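Reader: Hi! I'm new to reading protein structures, could you walk me through one?
Author: Happy to, let's put it on the screen.

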Amino acid sequence: MLAFVLMLAASTPGPTLEESLNLARGAIRACQAKGQHVSASVVDATGVPIVVLRGDGAPKPPVAAPRKAATAVAFEAPGSVLEAREKVDPEFAAIIAARPEVYNAHGGSLPLYRRGQLAGGLAVADTSHEIADACARAAVEDQSIYTITP
């Protein structure tokens, strides 16, 4: 299993540190424009954080954002979809509940695809899930390298 994960990480295109910084900063700026002070994180295709940024005035330590991004990667779905699934799928809810230090299935997280391959995830935390989702989507839309669907 570890060999597969390492092979996947080596063959997945990005995100680079610079791309990750741009995505996280873009998400924070989008939320600031809405009057929200947030944290943002970008993870690689294995869910390992590349960047975790706490925006000026963010009310909490930046814990939720990397977990949300890792969840979007692990289940290859936006947090808004996973949050709804958690409410109606007891088996899925049990998986999330069993690993609270890794997973957070809430809105505001997106898988990132490049050339059809899962490349990582972006998440925003410390605001409503709807606003976090809008800010993450705005950050992805502002650049042309990544998409949120394969």
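**Helix 2 and its surroundings**

Author: In this predicted model, the buried residues of helix 2 are Glu19, Ser20, Leu21, Leu23, Ala24, Gly26, Ala27, Ile28, Ala30 and Cys31.
Reader: What covers the buried residues of helix 2?
Author: The cover includes strand 1, strand 2, strand 3, strand 4 and helix 6.
Reader: And how many residues does helix 2 have?
Author: Helix 2 covers residues 17–32, which is 16 residues. From its first C-alpha to its last it reaches 22 Å, close to the 22 Å expected at 1.5 Å a residue.
Reader: Glu19 caught my eye. Why is Glu19 called buried?
Author: Glu19 has a relative accessible area of 14%, and because the cut-off for buried is under 20%, it counts as buried.
Reader: What does Glu19 touch?
Author: Not counting residues up to four places away in sequence, Glu19 touches Gly14, Arg114, Ile145 and Tyr146.
Reader: Let's switch to the sheet. In what order do the strands come?
Author: Four strands form an open sheet in the order 2-1-4-3, and the pairing is antiparallel.
Reader: Which strands stand at the edges?
Author: Those are strand 2 (49–54) and strand 3 (109–114). Each has a single partner strand, so one side of each is left without a neighbour in the sheet. From one strand to the next, the twist averages 15°.
Reader: How many bridges join strand 1 to strand 2?
Author: Five bridges join them, and the two strands run antiparallel. To pick out one pair, Ser41 stands opposite Val52 in strand 2. Strand 1 and strand 2 also form a hairpin, with four residues between them. In that turn, Gly47 has a positive phi of about 90°.
Reader: What about strand 3 and strand 4, how many bridges there?
Author: Strand 3 pairs with strand 4 (residues 117–125) over six bridges, in the antiparallel sense. Leu112 has Gly120 in strand 4 as its bridge partner.
Reader: Which strands does helix 3 lie across?
Author: Helix 3 lies across strand 1 (39–44), strand 2, strand 3 and strand 4, and it runs at about 150° to strand 4. Helix 6 (residues 129–141) lies across strand 3 and strand 4, running at about 135° to strand 4.
Reader: New topic: where is Ala77 found?
Author: Ala77 is in the loop between helix 3 (64–74) and helix 4 (79–88).
Reader: Is Ala77 buried or exposed?
Author: Buried, because its relative accessible area is 11%, and the limit is under 20%. Leaving aside neighbours within four places in sequence, Ala77 is in contact with Ala72, Leu82 and Pro111.
Reader: How far apart are Ala77 and Gly26?
Author: They are 51 residues apart in sequence and 20 Å apart in space, C-alpha to C-alpha.
Reader: Can we zoom out? What pattern does the protein follow along the sequence?
Author: The protein has six helices and four strands, and along the sequence they follow the pattern α-α-β-β-α-α-α-β-β-α.
Reader: And what is the radius of gyration?
Author: It is 14 Å, which agrees with the value near 15 Å that a compact globule of 150 residues would have. The C-alpha atoms fill a box of roughly 45 × 35 × 25 Å along the principal axes.
Reader: Last one: how much of the protein counts as buried?
Author: Of the 150 residues, 45% count as buried. The accessible surface comes to about 7400 Å², and 58% of that belongs to carbon and sulfur atoms.

How values were computed: Residues are numbered from 1 along each chain as its sequence is written. This is a predicted model: local features need pLDDT of at least 70, side-chain atom pairs count only at pLDDT 80 or more; totals for chains, interfaces and linings use all residues. Side-chain values use heavy atoms; hydrogens and water are left out. Buried means under 20% relative accessible area, exposed over 50%, partly exposed in between (1.4 Å probe, protein chains only). Contact means heavy atoms within 4.5 Å. Two strands pair if DSSP finds at least two bridges between them. Axes are lines fitted to C-alpha atoms, for helices over the stretch in contact, and angles run from 0 to 180 degrees between N-to-C directions. The expected span of a helix is 1.5 Å times one less than its number of residues. The radius of gyration is taken over C-alpha atoms; the globule rule is 2.2 Å times the number of residues to the power 0.38. Accessible areas come from the Shrake-Rupley method with a 1.4 Å probe; for residues, only the protein chains shown count as cover.
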